[in-house]
Amino acid sequence: MSLYAVLSDIHGNLYALEKIYKDMKSFEIRGVILLGDLIDYGMHSNEVIQMADSLPYLVTCNIIGNHENAILRDEYDRFSSERGKVSAKYTKSRLTEKSVQYITKKMNNRGFLEFECKGRKCLAVHGSIEDHFWGSIKPEDTLQGYEKYHFVFSGHSHIPHFFEKYYEVNNPVYRNKKKTIFINPGSVGQPRNLSPMAQYAVLDVKTEEVQLCKVKYDIEKEQKAFTDKVDAFYRDRLTVGA
């Protein structure tokens with residue numbers, strides 16, 4: 001088996017994650033790559049962590065995102081809005097000790113991990129090489145520093161992408177080109193690509209095929225769990241995926 005599920009930015013959305021897990025059963029998944037931000041915005045951070053901790057698949061990679069990093073460090077200055085800071089502080093107040101232990105002990109706290117997958121050199125980063133937690137990889141960017149990798153997995157933007165970039169190298173056999181494949185699975189729990197469905201990716205490492213998957217879930221049920229301690233913005237945006 002050479003299929004890997006790639007998940008990012010779950011953001012405490014339990015019902016979206018449950019549907020993703022159900023959808024994953026339709027594939028012969030070998031392993032799972034988790035790209036951070038399991039928590040915050042949504043009301044089910046502890047439950048999401050519990051589900052992640054009981055995955056019936058090999059967890060090939062599990063890195064923290066900017067939300068785990070900010071909450072662990074009690075540093076909220078880089079959030080772009082006051083409502084974001086309030087949400088993160090509320091989430092911190094609700095995390096159980098078991099959840100904190102999972103984040104600190106079972107997630108890579110650099111937000112950046114190099115690993116091999118079926119002999120392919122891979123990079124997982126929540127943001128970008130330049131800024132592991134708050135940066136973003138965009139197809140239109142120059143993207144220097146990624147040449148040595150076969151696959152680059154990233155999250156943070158909540159906007160899915162799958163593209164190939166070709167770098168100049170001294171290798172006549174391959175016409176002096178080196179290929180790097182960039183994959184962002186989108187967001188499981190807080191999509192921003194104008195689609196409200198839960199989103200993830202499935203990669204076949206051998207064939208390099210990528211499926212960007214969208215799954216319907218009970219949005220209203222998730223929204224009903226929200227408290228007035230968190231700005232309604234994070235509840236309401238689930239309806240439109242923006």
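1. A good place to start is the helix pair α2 and α5, whose crossing is left-handed. Please keep in mind throughout that this is a predicted model. The axes of α2 and α5 come within 9 Å and cross at roughly 50°, which makes α2 oblique to α5. On the α2 side, the contact is made by Asn46, Ile49, Ala52 and Asp53. The α5 side brings in Ser99, Tyr102, Ile103 and Lys106.

2. Helix α2 also packs on α1, and here too the crossing is left-handed. The angle between α1 and α2 is about 20°, with their axes 9 Å apart. Angles under 35 degrees count as roughly parallel, and α1 and α2 are therefore roughly parallel to each other. If you want to inspect the contact, look at Leu14, Leu17, Glu18 and Tyr21 of α1. Their counterparts on α2 are Glu47, Val48, Met51 and Ala52. Ala52 of α2 is thus listed in the contact with α1 and also in the contact with α5.

3. Next, one of the sheets. It is an open sheet of five strands, ordered β3-β2-β1-β9-β10, and its pairing is mixed. β3 (58-62) and β10 (209-215) stand at the edges with a single partner strand each, so one side of each has no neighbour in the sheet. From one strand to the next, the twist averages 25°. Helix α1 (residues 14-24) packs on this sheet and touches β1, β2, β9 (198-204) and β10. The direction of α1 makes about 30° with that of β9.

4. Within that sheet, β1 (residues 3-7) and β2 (residues 29-34) run parallel and are joined by five bridges. For a concrete register check, Val6 has Ile33 of β2 as its bridge partner.

5. What do the buried residues of α1 pack against? They pack against β1, β2, α2, β9, β10 and α6 (219-224). The buried residues themselves are Leu14, Tyr15, Ala16, Leu17, Ile20, Tyr21 and Met24. As a reminder for reading that list, an α-helix has 3.6 residues a turn, so residues three or four places apart point the same way. Leu14, Leu17 and Tyr21 are among these buried residues, and they also take part in the contact with α2.

6. Which residues touch the most other members of the largest nonpolar core? They are Leu7, Met24 and Tyr200, in a core of 48 residues. At least two residues of this core come from each of β1, α1, β2, α2 (45-53), α3 (66-73), α5 (97-106), β9 and β10. Helix α1 gives the most, with seven residues. In soluble globular proteins, nonpolar side chains tend to be buried together.

7. Tyr200 deserves a closer look. Leaving aside residues up to four places away in sequence, Tyr200 touches Ala5, Val6 and Leu7, as well as Ile20, Asp23, Met24 and Phe27. The remaining contacts of Tyr200 are Pro185, Gln211, Leu212, Cys213 and Val215. Leu7 and Met24 are therefore worth displaying together with Tyr200, since these three residues touch the most other members of the core. There is also a second, separate core of 18 residues, including Phe115, Ala124, Phe151 and Ala201.

8. Another open sheet has five strands in the order β4-β5-β6-β8-β7, again with mixed pairing. Its edge strands are β4 and β7 (161-168), each of which pairs on one side only. The twist averages 20° from one strand to the next.

9. In this sheet, β4 (residues 112-117) and β5 (residues 120-125) pair in the antiparallel sense over six bridges. Leu113 stands opposite Ala124 in β5. The two strands form a hairpin with two residues between them, and Lys118 in the turn has a positive phi of about 55°. On to the next pairing: β5 and β6 (residues 151-154) are parallel, with four bridges. There, Cys122 stands opposite Phe151 in β6. Ala124 and Phe151 both belong to the second core.

10. A last small point concerns the loop between β7 and β8 (177-184), where Asn171 is found. Is Asn171 buried or partly exposed? Asn171 is partly exposed, with a relative accessible area of 27%. Not counting residues up to four places away in sequence, Asn171 touches Asn176 and Lys177.

Methods: Residues numbered from 1 in each chain as written. Predicted model: local features only at pLDDT ≥ 70, side-chain atom pairs only at ≥ 80, totals over all residues. Heavy atoms only, no water. Pairing = 2+ DSSP bridges. Axes fitted to C-alpha atoms, helices over the stretch in contact; angles between N-to-C directions. Contact = heavy atoms within 4.5 Å. Core = buried A, V, L, I, M, F, W, Y, C linked by side-chain atoms within 4.5 Å. Buried < 20%, exposed > 50% of the residue type's maximum accessible area, 1.4 Å probe, protein only. Parallel < 35°, antiparallel > 145°, perpendicular 65-115°, else oblique. Left-handed = near helix turned anticlockwise from the far one by under 90°.
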